[in-house]
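This report goes through one model in three parts: a sheet, a helix and a set of charged pairs.

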Amino acid sequence: MGVLLSGRDYRASLDFLFARTTGQWKLGLERVEAFLDALGRPDRRLRALHVAGTNGKGSVCATMDTVLRARGLRVGKYTSPHLVDFRERFLIDGRPVPEGAIVDFLDRWTPTVERMGVTFFEATTAMAFQLFAEAEVDVAVIETGLGGRLDATNVLTPLVAGVTGIAIDHTEWLGTTREAIAPEKAGIYKPGVPAVVGERDPEIRAILAAEARRRGAGLVRVVAEEGRAVGVRVTAEGTRFTWEPIEKGNPLPGPLDVVTGLPGRHQAANAIVALTMLDAIPGPWRVRPADAIPALAAVRLPGRFSRHGDWIFDVAHNPDGAGVTAETLAAVAPPGPVVALMSVLGDKDWRGMLRALSAQVDRFVLTNAPTAPASRAWDAREALAFAQGEGWAAELEPDFERALALAPARGRTVLVTGSFHTVGDAMARLQVSPAPG
């Protein structure tokens with residue numbers, strides 16, 4: 001144990017790490033490679049499934065994690081960011097790792113992090129690999145943080161790599177068009193590793209598939225060219241559909257009835273990406289669709305249209321995400337009036353998000369999430385003026401605690417949305433557990 005953190009508790013250890021790393025992204029693999037060398041390369045001891053994409057990657061990871069655990073495997077799942085507790089990023093068999101494991105890692109390695117200039121996300125990624133290797137998980141399900149090609153998780157050589165879909169986000173890092181962003185996401189495809197393309201737009205999925213082949217992927221599976229979801233029905237309990245093959249001779253054996261516990265028409269597409277990735281795993285780890293489907297009804301993902309009484313929590317943080325939230329609201333039809341409690345990071349397209357939600361939301365209560373970084377805070381007054389200018393019922397309550405009390409007084413159902421910060425802050429204050437299921 002190092003001398004700097006010995007005896008510190010969990011919260012103090014995290015504060016120590018936060019204070020010595022930057023919250024800003026520094027894309028590139030040099031620092032994380034050097035840190036992993038110091039750790040003894042735990043990433044090379046993992047059998048990993050690697051997922052990138054703008055929206056949907058959390059759902060795909062949750063689905064694969066649920067299926068693999070249902071088959072009796074010991075599974076690690078690394079995702080980001082967290083909602084309430086930092087340990088949500090590191091799940092082993094569906095449970096957060098013990099606080100002591102985090103403290104021990106930070107006690108020993110934070111001085112090295114500081115000396116090497118490792119960023120916060122790079123440090124947590126290396127921590128995930130170390131924790132999973134020490135726990136001897138059978139499979140690790142790993143979600144990228146930002147992009148793909150230069151994301152810290154991309155040191156992995158996985159069993160299979162999949163990209164869910166491409167939307168415009170993080171333009172300062174990845175590009176301003178979907179055509180520019182696609183090759184960055186496709187950077188997780190590796191020589192000899194099966195590649196799954198989840199994008200449905202023909203032009204963008206062609207770019208992803210071409211990049212996978214250029215990078216020497218062992219097998220390229222484009223899900224939209226193999227099958228489609230038909231008869232999609234969304235209920236409060238989840239989503240039902242039939243996965244129907246497009247033509248004979250592709251890997252899909254025939255029409256398959258699927259029920260996923262995640263509600264939303266878009267969850268049919270996410271389920272298909274997850275099933276295809278599991279089917280593309282080489283060797284004894286492969287899970288055929290017919291064997292995987294029975295486990296899907298148990299899939300849960302906190303903060304993705306998760307319902308708790310009269311509250312709905314959804315971390316949608318861009319217009320595409322807000323659009324699918326609105327679509328799910330229309331399908332589920334919760335009791336109205338529906339009030340959206342929103343706080344959005346200032347570098348996001350909050351205007352597009354408000355527009356997307358306006359068709360299904362009766363009133364907006366705009367506020368400020370306490371944990372949102374000050375450097376990325378939105379101008380809630382400007383958002384209020386925009387909403388009122390569009391003719392939508394809206395009001396501003398800057399104090400988050402008061403906004404949480406105000407929103408349920410304005411309607412029957414409260415949708416908390418706009419960012420991970422907004423949803424996590426609300427869950428913490430309302431004492432809603434982020435534990436899946």
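## Strand pairing and the sheet

Two strands count as paired if DSSP finds at least two bridges between them. The structure shown is a predicted model. In E11, aspartate 257 is the bridge partner of threonine 242. E10 and E11 pair in the antiparallel sense, and five bridges join them.

E9, E10 and E11 form an open sheet of three strands, in the order E9-E10-E11, with antiparallel pairing. E9 and E11 (256-260) are the edge strands, each pairing on one side only. From one strand to the next, the twist averages 20°. Helix H10, residues 266-280, packs on this sheet and touches E9, E10 and E11. The direction of H10 makes about 55° with that of E10. Strands of a sheet pair through backbone hydrogen bonds, either parallel or antiparallel.

## A side-chain link between E9 and E10

The strands E9 and E10 also carry a charged pair: glutamate 244 and arginine 228 meet in a salt bridge, at 3.3 Å from N to O. Glutamate 244 lies in strand E10 (residues 238-245) and arginine 228 in strand E9 (residues 227-235), so the salt bridge ties together parts that are 16 residues apart in sequence. Both ends have some access to the surface: the relative accessible area of glutamate 244 is 28%, which makes this residue partly exposed, and arginine 228 is partly exposed at 41% relative accessibility.

## Salt bridges around helix H7

In total, the structure holds 23 salt bridges. One of them joins arginine 149 to glutamate 184, with the closest N and O atoms 3.1 Å apart. Arginine 149 lies in the loop between strand E5 (139-143) and strand E6 (160-163), while glutamate 184 belongs to helix H7 (residues 178-185), so this pair ties together parts that are 35 residues apart in sequence. The two partners fall into separate accessibility classes. Arginine 149 is partly exposed, with a relative accessible area of 33%. Glutamate 184 has 16% relative accessibility and counts as buried, because the cut-off for buried is under 20%.

Helix H7 also supplies arginine 178, which forms a salt bridge with aspartate 201; here the closest N and O atoms are 4.0 Å apart. Aspartate 201 sits in the loop between strand E7 (195-197) and helix H8 (202-214), and arginine 178 in H7, so the pair ties together parts that are 23 residues apart in sequence. Arginine 178 is partly exposed at 24% relative accessibility, and aspartate 201 is partly exposed with a relative accessible area of 29%.

## Helix H2 and its buried face

Which residues of helix H2 are buried? In this helix, residues 30-39, they are Val32, Phe35, Leu36 and Leu39. Viewed down the axis of H2, the buried residues fall within an arc of 100°, so they line one face of the helix. The cover over these buried residues includes helix H4 (99-116) and helix H5 (120-134).

Just after H2 comes glycine 40, which takes a positive phi of about 90°. A charged network is found in this part of the numbering: Glu33, Asp37, Arg41 and Asp43 are joined into one network by salt bridges that share partners.

Terms used:
Residues are numbered from 1 along each chain as its sequence is written. This is a predicted model: local features need pLDDT of at least 70, side-chain atom pairs count only at pLDDT 80 or more; totals for chains, interfaces and linings use all residues. Side-chain values use heavy atoms; hydrogens and water are left out. Buried means under 20% relative accessible area, exposed over 50%, partly exposed in between (1.4 Å probe, protein chains only). Helices (H or I, at least four residues) and strands (E, at least two) are DSSP runs, numbered from the N terminus. The arc is that of the directions from the helix axis to the C-beta atoms. Contact means heavy atoms within 4.5 Å. Axes are lines fitted to C-alpha atoms, for helices over the stretch in contact, and angles run from 0 to 180 degrees between N-to-C directions.
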